[in-house]
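Here is a short, friendly tour for a reader who likes to look at a model while reading about it. Please keep the viewer open as you go.

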Amino acid sequence: MDKLVTLWEGSGLYNLELGQVVMLAVGLLLLYLAIYKKFEPLLLVPIGFGGILANIPEAGLALSALEQAVEVGRPALLEQLASALGGSLDSQASVDSWRTSLEQMMAGDATAQQIAGAKAIASGAGYGDGMLYVFYTVAITSGIAPLIIFMGVGAMTDFGPLLANPRTLFLGAAAQFGIFATLFGAVLLSSMGWMDFSLNQAAAIGIIGGADGPTSIYVSSMLAPELLGAIAVAAYAYMALVPLIQPPIMRLLTTKKEREITMTQLRPVSKLEKIVFPVLLLILVALFLPDASPLLGMFCFGNLMRECGVVERLSDTAQNALINIVTILLGLAVGSKLMAESFLSVETLGIMALGIVAFGIGTTAGVLMAKLMNVVSKMPINPLIGAAGVSAVPMAARVANKVGLESNPHNFLLMHAMGPNVAGVIGSAVAAGVMIKYLG
Amino acid sequence: MQDPELLQEGLGLMALGMGFVFVFLGVLVFSMTLMSGVIRRFQPVPAPAAPRARTQPAASPASQDDETLAVISAAVHRYRHKTRR
């Protein structure tokens, strides 16, 4: 009978907590959205599955060795850990309250040395880092995965339309207003006392408005790792929703006549220009904003591999095999942050709300900027391509093209919209660099 | 909480960030235009022949077109002449 009880007490069903049930449902919801609704399936399938794995009770896949020991260790071990951390446990209290007070000790005033000592005890007792925790450390804490994805994006990007019409860079710049307006919104929410975001967290949330998955993950891993799960989910979910979010805003801000504007055909761009461009961008980054150099450096490297034409094999790997491998690791690692304790909070709702506002403001700013440029410059600019200034390559450009075709079935804006679209990638990486410089 | 301070810092970061993004991309526009100009002027490879004709059709004088036409027709004539024999 005792054995049966032990087995029962070790089962997932016995240890399941309400938060974990909710998170398992969230994981399943993400899988549903990815598989049936085709929302960014390449990322949401791994993220959703990772989220489910992370919330399996007792398995502790997303926990470090020490956290696992605290979570499931026997009372004797907990006492050892407490003494290693320089604290003591109330002998009257229950084991569960011991666990919470140990967690407080780890989060609180324990020195790095004490933590290391406790870690040694935990691994001595046979606890190891969870699988997802290892993925997270390797892929995201180190910053490697978002950077490699950025290299792949660089290798997939054609700067031709941008080189043919460099002024569209300003549209990409304007759309970054979404990032900073959202940052301000998050700060405002916390100063009104509705949420509690620090400036670092507000900056990480703002980056969602850049509509650039790897950049958001990179920035939040540096500035606010505790919010990474919610931020990554919001960023990718809303990127999938770009075709729903943007068109109403675009129609609202433009007249039918403006949407019908046809643009002059782009000049062809020589191969040499395309080769020189990434080098030029890299030099500017090195001169003006070294903090953006991890992101833009990898981006330029990927693009140079694509354009130089002598390393086809490397470029092909960066665009296909490598980016796919890293996407799997990155998705699972992000999923590991979908744990009940950190994800189920008012802040997550706030992030989701702010994220959609960020997209809206970015789109608005891009369209308005395009209208302004139309007034100032001689060359006609269709304001719809301003909306492509939020990065989300190539979805935002396709949306601009589609809305343009609705007004004038012979007006193909896709190539014109690709200019601001890739400008948005550069713009959001620059914005990320500024934030890291200012807050990091 | 020092709320006004946080707000102020948020505003500051917003202004600084937006300003910097615009300045940086402005510099990028400038240097891209310069780079493209230099390359298009100094690259005498056969590729730009097509672009130049398309980007500035009005600028190319008519006499040059006539000359090209003459050269091409001469070549075609010669080729036909040769193959017939």
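The report below goes through the chain contact, one helix pair, some backbone details and the nonpolar cores of this predicted model.

## Where the chains meet

Let us begin with the contact between chains A and B. Chain A contributes 35 residues to this contact, and chain B contributes 30 residues. On the side of chain A that touches chain B, the elements giving two or more residues are α12 (169-175), α13 (177-191), α14 (199-206), α19 (271-288) and α26 (414-439) of chain A. Of these, α13(A) gives the most, with eight residues.

What is the make-up, by class, of the side of chain A that touches chain B? There are 26 nonpolar residues, six polar and three charged on that side.

## A pair of packed helices

Next, turn to helix α10 (residues 144-156) and helix α21 (residues 312-319), both of chain A. Their axes are 8 Å apart, and the packing angle is about 120°. An angle over 115 but not over 145 degrees counts as oblique, so α10(A) is oblique to α21(A). The two helices, α10(A) and α21(A), make a left-handed crossing.

At the contact itself, α10(A) offers Met151(A), Gly152(A), Ala155(A) and Met156(A), which meet Ser315(A), Ala318(A) and Gln319(A) in α21(A). Sorted by class, the residues of this contact comprise four nonpolar and three polar, with no charged residue.

## Backbone details in the loops

Some loops of chain A deserve a closer look. Between Val393(A) and Pro394(A) the peptide bond is cis, with omega near -10°. Pro394(A) sits in the loop between α24 (346-376) and α25 (395-407) of chain A.

Two glutamates have positive phi. Glu40(A), in the loop between α3 (18-35) and α4 (41-54) of chain A, has a positive phi of about 35° although it is not a glycine. For Glu58(A), in the loop between α4 and α5 (65-72) of chain A, phi is near 70°, again a positive value in a residue other than glycine. Are these glutamates buried or exposed? Glu40(A) is buried because 21 other C-beta atoms lie within 10 Å, where 20 or more are needed. Glu58(A) has 14 C-beta neighbours inside 10 Å, so Glu58(A) counts as partly exposed.

## Around Leu227(A)

Another loop residue worth finding is Leu227(A), which lies between α15 (213-223) and α16 (228-240) of chain A. Leu227(A) counts as buried because it has 24 C-beta neighbours inside 10 Å.

Which residues does Leu227(A) touch, not counting those up to four places away in sequence? They are Gln201(A), Ala204(A), Ser220(A) and Ile351(A). Phe343(A) is 116 residues from Leu227(A) in sequence, while their C-alpha atoms are 7.9 Å apart in space.

## The nonpolar cores

Finally, consider the interior. The largest nonpolar core has 141 residues, and the members that touch the most other members are Ile231(A), Ala333(A), Ala396(A) and Ala400(A). Leaving aside neighbours within four places in sequence, Ala400(A) is in contact with Leu384(A), Ile385(A), Ala387(A), Ala388(A), Leu413(A) and Ala417(A).

Another core, of 13 residues, lies apart from the largest one. Among its residues are Ala65(A), Val70(A), Ala84(A) and Leu102(A).

Technical notes
Residues numbered from 1 in each chain as written. Chains lettered and ligands numbered in written order. Predicted model: local features only at pLDDT ≥ 70, side-chain atom pairs only at ≥ 80, totals over all residues. Contact = placed C-beta atoms within 7 Å. Helix = DSSP H or I, 4+ residues; strand = E, 2+ residues; numbered from the N terminus. Nonpolar A, V, L, I, M, F, W, Y, C, P; charged D, E, K, R; others polar. Axes fitted to C-alpha atoms, helices over the stretch in contact; angles between N-to-C directions. Parallel < 35°, antiparallel > 145°, perpendicular 65-115°, else oblique. Left-handed = near helix turned anticlockwise from the far one by under 90°. Buried ≥ 20, exposed ≤ 12 C-beta atoms within 10 Å, placed from the backbone. Core = buried A, V, L, I, M, F, W, Y, C linked by C-beta atoms within 7 Å.
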